[in-house]
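Here are some comments on the model you sent, set out as numbered points for discussion.

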Amino acid sequence: MIKISFPDQSVREYPEGVSGLDIAQSLSHQLAKEVLAITVNNQLMDVTRPITTDASVKLHKWDDVEGKYAFWHSSAHLMAEALQALYPGMKFGIGPAIENGFYYDVDPGDGVVMKETDLAAVEAKMLELARQKNSFTRKDISKADALAYFQTKNDGYKLELINDLEDGTITLYEQGSFTDLCRGPHLPGTEPIKAVKLLSIAGAYWRGDEKRKQLTRIYGISFPKQKMLDEYLVLLEEAKKRDHRKIGKELELFTFSSSVGQGLPLWLPKGAALRGRLEDFLKKIQRQYDYEQVITPHIGQKELYVTSGHYAKYGKDSFQPINTPAEGEEFLLKPMNCPHHCEIYKFKPRSYKDLPIRYAEFGTVYRYEQSGELHGLTRVRGFTQDDAHIFCRPDQLKDEFKKVIDIVLYIFKTLDFANFTTQVSLRDPLNQEKYIGSEENWIKAESAIIEACEEKGLETIVETGEAAFYGPKLDFMVKDALGRKWQLGTIQVDYNLPERFELEYVGADNQKHRPVMIHRAPFGSMERFVAVLIEHTAGKFPLWLTPEQCVVLPISEKFNDYAEKVLKLLNNSDIRAVIDDRNEKIGKKIRDNELKRIPYLLIVGEKEMENGEISVRKQGDGDKGSMTVNSFVELINQEVATLLGEV
RNA sequence: GCCGUUGUAGCUCAGAGGUAGAGCACUUCCUUGGUAAGGAAGAGGUCAUGGGUUCAAUUCCCAUCAACGGCUCCA
C-alpha cells in the first residue's frame with residue numbers, strides 16, 4: 001500500500017499502482033467523471049498513470065487551469081487526427097494548449113492552402129472522432145525508435161523536435177489513428193470533448209523563426225458542454241465591443257486616413273482634449289518629483305543617431321534620412337528623444353551637486369513599424385512618448401529608479417489599472433551581438449533594476465532577451481480587451497549612452513565622472529495608453545478625463561433659453577458641459593447621450609426653471625433628483641477630487 | 001515583411017453578370033414632450049484603386065492600396 005495525501009492534508013492508503021482515476025472513483029463517482037488531470041508531487045500527469053510511491057496529489061477538474069490545459073491539449077491532438085484524416089500527407093509541427101484554447105501548426109504540403117472556409121469540415125470531423133471515445137494511450141519508447149517511427153511518416157518537423165531532445169525515453173501519445181510526440185498529460189479519452197470551435201487560421205513560422213518555413217496555424221477552443229462554448233463566444237463578442245478602434249470611432253476620439261499614411265493617427269478634438277488632460281496629470285506629478293520640461297525638434301542630424309547606436313541597429317528598416325539642398329546633409333525623423341536630451345545635458349558643464357537632472361518631454365517620435373504590425377493606436381508609426389531622462393550619479397541610481405516606480409504605480413492606481421504585470425527585461429546572454437556596451441555596465445544596470453524591484457516589493461516576471469539594445473528595463477504590461485499583452489510603462493537603466501555621448505560631471509574630487517541615465521515613460525506612449533484606457537473603461541472614462549462631463553437636456557424648446565443659462569453657469573465653473581437642444585423627446589435625448597457615455601445628464605423643464613434647479617441623472621445609474629447648479633458643480637468637483645486622491 | 005480574411009452611403013450591414021438597398025446618423029416639416037428610440041418627407045454611393053475577361057463588371061480574374069486575425073519584429 002502507498003500513502004496518498006490530499007490538498008486538505010488528509011491521507012488515504014491505496015494499493016501501489018493506483019491511478020488518479022481510481023483515486024477519484026474512490027472519492028466520488030461524480031469526481032471520477034469530471035477529473036481531467038492530476039498533479040502528483042508537483043508534476044502534472046495523466047489521470048490514468050499508475051502512482052507507485054507515497055505521494056501528495058491534487059485532482060484537477062475543468063475549474064483548474066491544469067484541467068483546462070489537459071483538455072485543450074487533448075483537443076489539439078484530436079484536431080490533428082481530424083486533419084490527418086481530411087488531408088492525407090499533412091505534416092505536424094507543434095500543437096500546444098494556450099490560455100484560451102489550443103492551436104496546431106501544420107504543413108498541409110506544397111501547393112495545398114488551407115482556408116478559413118475549410119475549418120467547419122475539420123470541426124465536424126473532430127466531433128465525429130470524439131464520439132468514437134478513443135483513449136489517449138501513453139507510450140514510452142527510445143529516441144531511436146521514435147526517430148524511426150516519424151521517419152516512416154516522413155515528418156521532418158517531428159524528427160527535428162526529437163533530435164533536439166536529450167537521449168533517453170521519449171513519450172508518444174496515441175488516440176485513434178493519430179500518434180504524436182508529446183510530453184502529456186492528456187485526458188483519458190476523447191469523449192469529454194463535446195463542443196469545438198476553430199476560431200482562426202494564420203501563418204506561423206516554424207519554431208518562431210522568420211527565416212524558416214511558414215506553417216499553417218489553426219486556433220481553436222473546445223469545451224465539455226455546448227452551452228459553455230456558446231457562452232464563450234458571447235463573451236468574445238462582448239470583448240470586441242470594447243475594442244478601442246470601435247469606441248474611438250464612436251466617441252470621435254481619433255481616426256486614421258490612408259491619405260495621411262498608415263499608422264499615423266489623427267487625434268480628433270475630443271481625443272486630443274482627453275490626451276491633453278492625461279498629459280497635464282502627468283506634468284503635475286512630474287513637477288512634484290522635480291522634473292523639468294524641455295522641448296526638442298522632430299528631426300535631428302543622422303550623426304546624432306549614429307552616435308547613439310540607433311542608426312546602426314534600426315536605420316535601414318526605418319523612415320529614410322531626409323536630404324536637404326546642401327550636399328551630404330542628412331536628417332532623421334527622430335525615433336527616440338534620448339539623444340536630444342543628452343545634447344541638452346551637454347549644454348553646460350555639470351557638477352555632482354546638479355544631479356540628478358530630470359528632463360521630461362512629450363516627445364513625438366516616428367518609427368517605420370512593419371506594415372503587418374500596425375494595430376489601432378497600440379502600434380503606430382508616429383506617436384508621442386511621455387518621455388523623460390534622468391541623469392544621475394551612480395550612487396543615486398537606485399533611489400531614482402525607485403521614485404520612478406512610485407510614479408508609475410501612482411498613475412496605474414489613479415486610473416484603476418489593477419491587472420498589470422511587471423516584467424524585468426534582461427539581455428539574452430546567448431545572443432550578445434544584439435547589445436552594445438560592456439559586460440560590466442550590463443551587470444551593474446541589471447542588478448540595479450533587480451535590487452530596486454526587490455526593495456519596492458514588486459512581484460516581477462523575469463524575461464531574458466527582452467532588454468533594449470542599450471540596457472535592461474522594467475516594463476509594465478497590460479492586456480487589452482482580447483487578452484493581447486502590451487507594454488505600457490517602462491523604466492530603463494543605461495550606462496551606454498552617457499559613454500557614447502561622453503556625458504560628464506565634475507565630482508567632489510574635482511575629477512570628471514560619467515553619469516548614469518534612466519529612460520522612463522510611465523504611460524509608454526500616449527497613443528497606446530489611451531487605447532488601453534479605452535478598452536479598460538469601455539469608453540466610460542473617469543470624470544476628470546472624459547471629454548464631456550455633462551450634457552444639459554431641455555425637455556422641450558420652451559426651456560432652451562434656461563438650458564443655455566445653465567450651460568453658461570457650468571462652463572464658467574470649469575465644468576465641461578454641452579447642450580442637446582435638438583427637437584427630440586426627452587427619452588430620445590437620454591438614450592442618445594447615455595450611449596455617448598456622458599457621465600451626467602442634466603434635465604431641465606418647467607419644474608427646474610421655476611426652482612432655478614436642474615434634475616441630475618447619472619450615467620447608468622438613473623435619476624438622482626434635482627439640485628441647484630452650484631450644488632452640482634460642488635458634486636462634480638468633489639468626485640474629481642476623490643478620483644484624483646486629493647481628499 | 002510573411003500567411004489568411006475583408007473592402008458597397010458618415011456608421012452598422014444586405015445584395016446581385018444587366019451600372020444599387022435597409023436601419024441609424026444628416027436636412028426640412030409636423031409634433032412641444034418628464035428620465036433609454038414620436039411621425040412624415042428629403043438628401044446622400046464612380047460599390048477601395050488600376051488593369052483584364054464579357055455585348056455588358058460594383059459582381060468573375062489579376063495587381064495595387066487599406067483594414068482585420070495571426071506569425072515575425074518592437075529603440
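**Notes on the pocket and the RNA surface**

1. To begin with the second largest pocket of this predicted model, its lining draws at least two residues from each of β14, β15 and α7 (226–241). Of these elements, α7 makes the largest contribution to that lining, with seven residues.

2. The pocket in question, the second largest, has a volume of about 850 Å³ and a lining of 19 residues, with Asn100, Leu199, Tyr232, Leu236 and Leu482 nearest its centre. Sorted by class, this lining comprises ten nonpolar, four polar and five charged residues.

3. Because both domain 2 (66–239) and domain 3 (274–296 + 334–537) give residues to the lining, the second largest pocket lies between these two domains.

4. Turning to the nucleic acid, RNA strand B is surrounded by 56 residues, and the closest are Met336, Ser371, Glu373, Asn583 and Glu608. Of the atoms of RNA strand B that come within 4 Å of the protein, 49% belong to sugar and phosphate. The surrounding residues divide into 16 nonpolar, 17 polar and 23 charged.

5. Three side chains deserve a look in this context. An N or O atom in the side chain of tyrosine 205 is 2.4 Å from a base nitrogen of RNA strand B, while a polar side-chain atom of glutamine 262 lies 2.6 Å from a phosphate oxygen, and an N or O atom in the side chain of tyrosine 219 is 3.2 Å from a sugar or linking oxygen of the strand. Elements that give two or more residues to the surface near RNA strand B include β14 (195–205), β15 (214–223) and α18 (586–595), and α18 gives the most, with seven residues.

Methods:
Residues are numbered from 1 along each chain as its sequence is written. Chains are lettered from A and ligands numbered from 1 in the order in which they are written. This is a predicted model: local features need pLDDT of at least 70, side-chain atom pairs count only at pLDDT 80 or more; totals for chains, interfaces and linings use all residues. Side-chain values use heavy atoms; hydrogens and water are left out. A residue is near a molecule or strand if one of its heavy atoms lies within 4 Å of it. A polar contact is a pair of N or O atoms within 3.5 Å; within protein, one must be able to donate a hydrogen and the other to accept it, and residues adjacent in sequence count only if both atoms are side-chain atoms. Helices (H or I, at least four residues) and strands (E, at least two) are DSSP runs, numbered from the N terminus. Ala, Val, Leu, Ile, Met, Phe, Trp, Tyr, Cys and Pro count as nonpolar, Asp, Glu, Lys and Arg as charged, and the others, Gly among them, as polar. On a 1 Å grid over the protein atoms alone, a cavity is a set of points where a 1.4 Å probe fits but cannot get out, and a pocket is an open set with protein on both sides within 12 Å along at least five of seven lines; lining residues have an atom within 4 Å of a point. Grid points are joined across faces, edges and corners, and a volume is the space filled by probe spheres set on the points. Domain bounds come from an automatic or database domain assignment.
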